[in-house]
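Open the model in your viewer and show it as a cartoon. The stops below say what to select next and what is there.

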Amino acid sequence: MKRVLILGGSGFVGRSLCQQLVRQGGFEITVPTRRLRDAQALQLLPGLCIRQAQVSDEAQLRQLLAGQDAVVNLIAILQGSSDAFQQVHVELPRRIAAACRAEGVERLVHVSALGVGEQAPSRYLRSKAAGEAVLQRAGLALSLLRPSVIFGRDDRFLNLFARLQALFPLLPLAGALAQFQPVWVEDVAAALRACLNDPATIDQHYEIAGPEAAPLAHWVRLAGQMSGHPRPLLPLPEAAAWLQALMMECLPGEPLMSRDNLASMQLPNVATGQWPGLAALGIRPRSAASVLSDYMQGEQTQQNDWRRRAGR
């Protein structure tokens, strides 16, 4: 029985990974969470232990790692200050590496992102690159995954654009020409599981992307069509896009779009071919259209039923 600590296991990708590992069997899984209610969706999975802990605390992190055979790091943020990106994407991997060495845990699977680099245009991508460098110098048995934007039932990408099109008759769109190669969350989870299962993936980098690359406008239109709310798009010129992002940053709560997000879009979010992809892990990725048809159209039918019952 392999003991695995999944940092970020209660999140979007983590839930899919936990479910796949439980279905496969042979794993004892530990998922730490700051708030137990955040991991409610996992509580009934057999062979899975949820522990309330703060992984940024070095002592608690070492306690979590004690006796583990491997650790998966899925913790990341898309929005925040320079300090927030530094803490989550650089300092946390540094603490993970130190705790792994202290507790004798050699195996680490880490999720980064496509487009990372020291000279990348956004704080997000630069901090991700710095985090990779920390782990590569740590001397661990590391597998590194760089996914494109991830979609699925609970995503904040295609679902977001579907909801926006349901609300507004016209959708102003920043970064309409930015290139994306979205990958299904279940394919990402399968890639992580493959890395945990196969020692040949140690010291390897993988670009995790779907079968189709296209501009953002294409994916937004697809989300609208599949959800039953196709709307005209209004691509924004660069200056207007930056102004829209700035205005969104000023709204309460986490912004739907930030200037740093726009900066990231200056680089194509697509596989470069420099590193192996899903095929090298034995995974044939599903297209966004086929996955969306599985759940968006069903949800649209349910919404229509509700409207009819309400007399709308």
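Begin with Val-4, in a model that is predicted. Its bridge partner in strand 2 is Ile-29. Select Val-4 together with Ala-70 next: Ala-70 is the bridge partner of Val-4 in strand 4.

**The strands around Val-4**

Now widen the selection to strand 1, residues 2-7, and strand 2, residues 27-33. These two strands run parallel and are joined by four bridges. Add strand 4, residues 70-73. Strand 4 is also parallel to strand 1, and four bridges join the pair.

Next, select helix 1, which covers residues 12-24. Together with strand 1 and strand 2, helix 1 makes a β-α-β unit. Which hand does this unit have? The β-α-β unit is right-handed.

**The annotated domain**

Select residues 8-150. An unreviewed UniProt entry places the feature "domain: NAD(P)-binding" at these residues. Helix accounts for 40% of the chain over residues 8-150, and strand for 20%. Mark the C-alpha atoms at the two ends of this range: they are 15 Å apart.

**The cysteines**

Show the cysteine side chains. How many disulfides are there? The count is zero, with a disulfide taken as two cysteine sulfur atoms within 2.5 Å. Start with Cys-18, which is in no disulfide. The cysteine sulfur nearest to that of Cys-18 belongs to Cys-49, 11 Å away.

Is Cys-18 buried or exposed? Cys-18 has a relative accessible area of 0%, so it is buried.

Move on to Cys-100. Why does the sulfur of Cys-100 form no bond with another cysteine sulfur? The closest one, in Cys-195, is 16 Å from it, which is too far for a bond. Cys-100 counts as buried because its relative accessibility is 1%, and the cut-off for buried is under 20%.

**The whole chain**

Finally, clear the selection and view the full chain. The chain holds ten helices and 13 strands. Along the principal axes, its C-alpha atoms fill a box of roughly 60 × 45 × 40 Å. The radius of gyration is 20 Å, which agrees with the value near 20 Å for a compact globule of 312 residues.

Colour the chain by accessibility: buried residues make up 49% of the 312 residues. Then turn to contacts between residues at least 6 apart in sequence: 75% of them join residues at least 24 apart.

Notes
Residues are numbered from 1 along each chain as its sequence is written. This is a predicted model: local features need pLDDT of at least 70, side-chain atom pairs count only at pLDDT 80 or more; totals for chains, interfaces and linings use all residues. Side-chain values use heavy atoms; hydrogens and water are left out. UniProt positions are given in the numbering used here, feature names are shortened, and annotations may be inferred rather than shown by experiment. Two strands pair if DSSP finds at least two bridges between them. A crossover is right-handed if, with the strands pointing away from the viewer, the path from the first strand over the helix to the second runs clockwise. Buried means under 20% relative accessible area, exposed over 50%, partly exposed in between (1.4 Å probe, protein chains only). The radius of gyration is taken over C-alpha atoms; the globule rule is 2.2 Å times the number of residues to the power 0.38. Contact means heavy atoms within 4.5 Å.
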